[in-house]
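Please explain how the helices of this protein pack against one another, taking a few buried residues as guides. Start from a single residue and work outward.

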Amino acid sequence: KVPYLYQAGQKKFYFNYLAFWKWILLALWHGIVAYFVPMYGMVGPYDSTGKTAEHWVVSTVSFSVILHVVTYKLFIDSYFWSKLNILMASISILIYYVVVILGSVPAMANLIQPEASGAFFVMAINPKFWFIIIVCPFICLLPDLSIIIISRMYFKKP
């Protein structure tokens with residue numbers, strides 16, 4: 001009667017209360033980690049003059065982490081990867097960083113947001129930024145990876 005293709009949807013396999021609350025709790029975890037790791041990880045001076053990172057720098061690091069988390073989450077939830085997926089994800093991250101760099105140039109920042117002037121350049125010279133931008137997305141996605149690995153290994157899908 002019902003085509004096999006639609007059975008998973010009719011049985012509410014992909015979207016139900018458990019799936020909804022799993023997504024909400026994982027999103028809460030992602031947000032907490034993406035906010036607090038940069039907030040406390042960027043504490044302290046970033047160069048020999050003793051200057052500390054301003055709010056704009058820390059918030060840009062936090063948003064950069066979120067962008068990486070979202071991009072990596074798309075890869076985690078995808079069953080099939082193609083060259084086009086990888087290319088588009090790479091281009092989106094590249095465009096983001098180009099916009100951040102342009103927004104940090106003093107001439108452009110003064111037109112849009114003067115407080116953001118030089119924010120990227122402060123981030124780029126700070127080793128804490130590079131550590132956070134590499135490690136924090138994976139900390140954020142650890143529960144997602146664990147759930148997906150366990151569910152694909154031990155629980156069958158229709």
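Setting aside residues up to four places away in sequence, A109 touches G103, P114, A116 and S117. The model is a predicted one. A109 sits in helix 5. Its relative accessible area is 0%, and because buried means under 20%, A109 counts as buried. L94 is 15 residues from A109 along the chain, and the two C-alpha atoms are 19 Å apart.

Two of the residues that A109 touches, G103 and A116, lead on to a pocket. The second largest pocket holds about 250 Å³ of space. It is lined by 13 residues, and those closest to its centre are T60, V99, V100, G103 and A116. Helix 3, helix 4 (83-104) and helix 5 (106-112) are the elements that each give two or more residues to this lining. Helix 4 supplies the largest share, with 6 residues. What is the chemical character of the lining of the second largest pocket, in terms of nonpolar, polar and charged residues? The residues divide into 9 nonpolar and 4 polar, with no charged ones. The general idea behind such a search is that rolling a probe the size of a water molecule over the atoms shows where empty space is left.

Helix 4 also contains Y96. Y96 counts as buried because its relative accessibility is 13%, against a cut-off of under 20%. Leaving out residues up to four places away in sequence, Y96 touches T60, F63, S64 and L67. T60 is also among the residues closest to the centre of the second largest pocket. S64 is 32 residues from Y96 along the chain, yet their C-alpha atoms are separated by 8.5 Å. In an α-helix there are 3.6 residues a turn, so residues three or four places apart point the same way. The residues that Y96 touches, T60, F63, S64 and L67, can be viewed with that in mind.

L67 comes up again at T71, which is placed in helix 3. The side chain of T71 has a polar atom 2.9 Å from the backbone oxygen of L67. T71 is buried, because its relative accessibility is 8%. Its contacts, other than residues up to four places away in sequence, include A89 and I93.

Helix 3 (55-77) has another role in the packing: together with helix 7 (127-154), it is included in what covers the buried residues of helix 2. Helix 2 spans residues 17-41, which makes 25 residues. From first C-alpha to last it reaches 35 Å, close to the 36 Å expected at 1.5 Å a residue. At its start, a side-chain oxygen of N16 comes to within 3.1 Å of the backbone nitrogen of L18. Which residues of helix 2 are buried? They are A19, L26, H30, V33, A34 and P38.

Two of these, L26 and H30, are in contact with D144, a residue of helix 7. D144 also contacts K73, neighbours within four places in sequence being left aside. The side chains of D144 and H30 are joined by a polar contact of 2.7 Å. Is D144 buried or exposed? D144 is buried, because its relative accessible area is 1%. Both partners in that polar contact are therefore buried: D144 by its relative accessible area of 1%, and H30 as one of the buried residues of helix 2.

Methods. Residues are numbered from 1 along each chain as its sequence is written. This is a predicted model: local features need pLDDT of at least 70, side-chain atom pairs count only at pLDDT 80 or more; totals for chains, interfaces and linings use all residues. Side-chain values use heavy atoms; hydrogens and water are left out. Helices (H or I, at least four residues) and strands (E, at least two) are DSSP runs, numbered from the N terminus. The expected span of a helix is 1.5 Å times one less than its number of residues. Buried means under 20% relative accessible area, exposed over 50%, partly exposed in between (1.4 Å probe, protein chains only). Contact means heavy atoms within 4.5 Å. A polar contact is a pair of N or O atoms within 3.5 Å; within protein, one must be able to donate a hydrogen and the other to accept it, and residues adjacent in sequence count only if both atoms are side-chain atoms. On a 1 Å grid over the protein atoms alone, a cavity is a set of points where a 1.4 Å probe fits but cannot get out, and a pocket is an open set with protein on both sides within 12 Å along at least five of seven lines; lining residues have an atom within 4 Å of a point. Grid points are joined across faces, edges and corners, and a volume is the space filled by probe spheres set on the points. Ala, Val, Leu, Ile, Met, Phe, Trp, Tyr, Cys and Pro count as nonpolar, Asp, Glu, Lys and Arg as charged, and the others, Gly among them, as polar.
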